[in-house]
Amino acid sequence: MMVYQATETDTWLDVTSGAMGTNGGNVAISYEANSSTNARTGTVEIAAPGAVGSPQYVMVVQAGVPTLTIQPAGTNVSYGASGGHLVAVEANTPWKARTDSPWISITTGGTNWLNGSLAFQVESNNLAIARTGMIVVAWGELARTCTVTQAAAPPWLSIAPASTNLPRAAVTGCPIVVSANVSWTASRGAGDVWISITGGGTNFGNGVLTFSVSTNAGIARAGTILVTGGGITSTCAVRQIGAPLVRHVWTNSPAPAAPFTNWTTAAHTIQDAVNACEDGDTVLVTNGIYQSGSTYGGVYDQYYGGMLC
């Protein structure tokens with residue numbers, strides 16, 4: 001019959017059962033909590049006097065309090081796409097990194113043990129506002145975060161078309177396409193009461209606005225639609241032809257001036273009157289011989305009075 005005895009060699013270990021026995025048996029031990037961040041090692045000695053190989057030792061390794069720190073806790077990056085950004089990790093546990101921000105990607109070192117580092121990259125920020133995302137390094141309930149702040153892109157805003165020509169009748173639903181990375185607002189020019197913004201007048205980013213114009217019963221008119229945002233203003237020039245007019249041509253008119261709608265301000269040449277015309281206008285030429293204002297082979301074209309349409 002062989003008698004054995006189990007004895008702990010460290011104060012944080014305690015043999016709770018099976019401390020003595022014969023021939024064979026089970027030994028149970030308990031241990032105290034480890035308040036240190038460092039792991040510690042203890043032993044249990046099992047001795048049987050006279051037995052070959054006695055005593056035997058059982059090594060007990062107890063982990064320290066889990067620790068996890070990262071550097072930096074926050075970082076700023078440019079608005080452009082970039083990579084190779086590093087986060088250093090100090091830990092006495094395994095850890096895993098993740099991000100819930102779709103524009104951030106962890107490229108290397110996402111899973112590790114003890115001290116290490118991870119690298120991440122960011123996509124381009126096309127908006128004129130900064131954005132913030134997070135990288136989380138965690139093990140169990142132990143977690144640390146690195147806040148990633150990406151700068152705003154420079155503001156830009158453009159529209160198409162930059163000008164438009166409309167008939168004299170009322171028109172609705174005229175579109176203007178806006179390309180932008182900022183909030184913007186559309187408005188009509190001062191005094192352009194015949195223009196109305198009918199849709200999409202306030203928006204963020206790319207969009208479409210619509211406008212309408214009322215019937216023009218007078219002469220041709222020009223107005224402006226302004227799209228403003230991010231300190232930038234883009235304009236669309238709106239021109240609407242007027243009601244049909246009679247343009248006058250008289251070589252001896254005392255004060256020729258567009259739109260040439262009476263004999264006092266009549267054009268001196270037919271070409272000047274034609275240049276002022278809109279669709280549907282009439283050119284009225286009083287009796288006489290006129291130079292049209294155009295030449296053929298160096299010889300002036302001549303006209304002998306009447307009505308041109």
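## A buried salt bridge, an exposed one and a four-stranded sheet

R247 is buried, since its relative accessible area is 5%. Please keep in mind as you look around that this is a predicted model.

**Two salt bridges**

R247 is a good place to start, as this residue forms a salt bridge with D281, and the closest N and O atoms of the pair are 2.6 Å apart. D281 lies in the loop between α1 (270–276) and β26 (282–285), while R247 belongs to strand β25 (residues 246–249), so the salt bridge ties together parts that are 34 residues apart in sequence. D281 has a relative accessibility of 8% and therefore counts as buried too, because the cut-off for a buried residue is under 20% relative accessible area.

How many salt bridges does the structure hold? There are two. The other pair to look up is D100 with R98, where the closest N and O atoms are 3.2 Å apart. D100 is exposed, at a relative accessible area of 66%. Its partner R98 is partly exposed, with a value of 43%.

Here are the two pairs side by side:

| Salt bridge | Closest N and O atoms |
|---|---|
| D281 and R247 | 2.6 Å |
| D100 and R98 | 3.2 Å |

**A sheet of four strands**

Next, have a look at the open sheet with the strand order β7-β9-β13-β11, in which the pairing is antiparallel. Which strands stand at the edges of this sheet? They are β7 (68–71) and β11 (104–108); each has a single partner strand, so one side of each is left without a neighbour in the sheet. On average, and with direction ignored, neighbouring strands here are turned by 35 degrees against each other.

Within the sheet, strand β9 (residues 82–91) pairs with strand β13 (residues 116–122) in the antiparallel sense, over six bridges. If you would like a spot to check by eye, try A88, which stands opposite S117 in β13. As general background, strands of a sheet pair through backbone hydrogen bonds, either parallel or antiparallel.

**A nonpolar patch on the surface**

Finally, turn to the surface, where M1, V3 and M20 form a nonpolar patch; together they have about 380 Å² of accessible area. One of these residues, M20, lies in strand β3 (residues 20–22). Is M20 buried or exposed? With 57% relative accessibility, M20 counts as exposed, because the cut-off for an exposed residue is over 50%.

Note on methods: Residues numbered from 1 in each chain as written. Predicted model: local features only at pLDDT ≥ 70, side-chain atom pairs only at ≥ 80, totals over all residues. Heavy atoms only, no water. Patch = residues over 30% accessible without salt bridge, like charges linked within 9 Å, V, L, I, M, F, W, Y side chains within 5 Å. Areas by Shrake-Rupley, 256 points an atom, 1.4 Å probe, with all protein chains shown as cover. Salt bridge = Lys/Arg side-chain N within 4 Å of Asp/Glu carboxyl O. Helix = DSSP H or I, 4+ residues; strand = E, 2+ residues; numbered from the N terminus. Buried < 20%, exposed > 50% of the residue type's maximum accessible area, 1.4 Å probe, protein only. Pairing = 2+ DSSP bridges. Axes fitted to C-alpha atoms, helices over the stretch in contact; angles between N-to-C directions.
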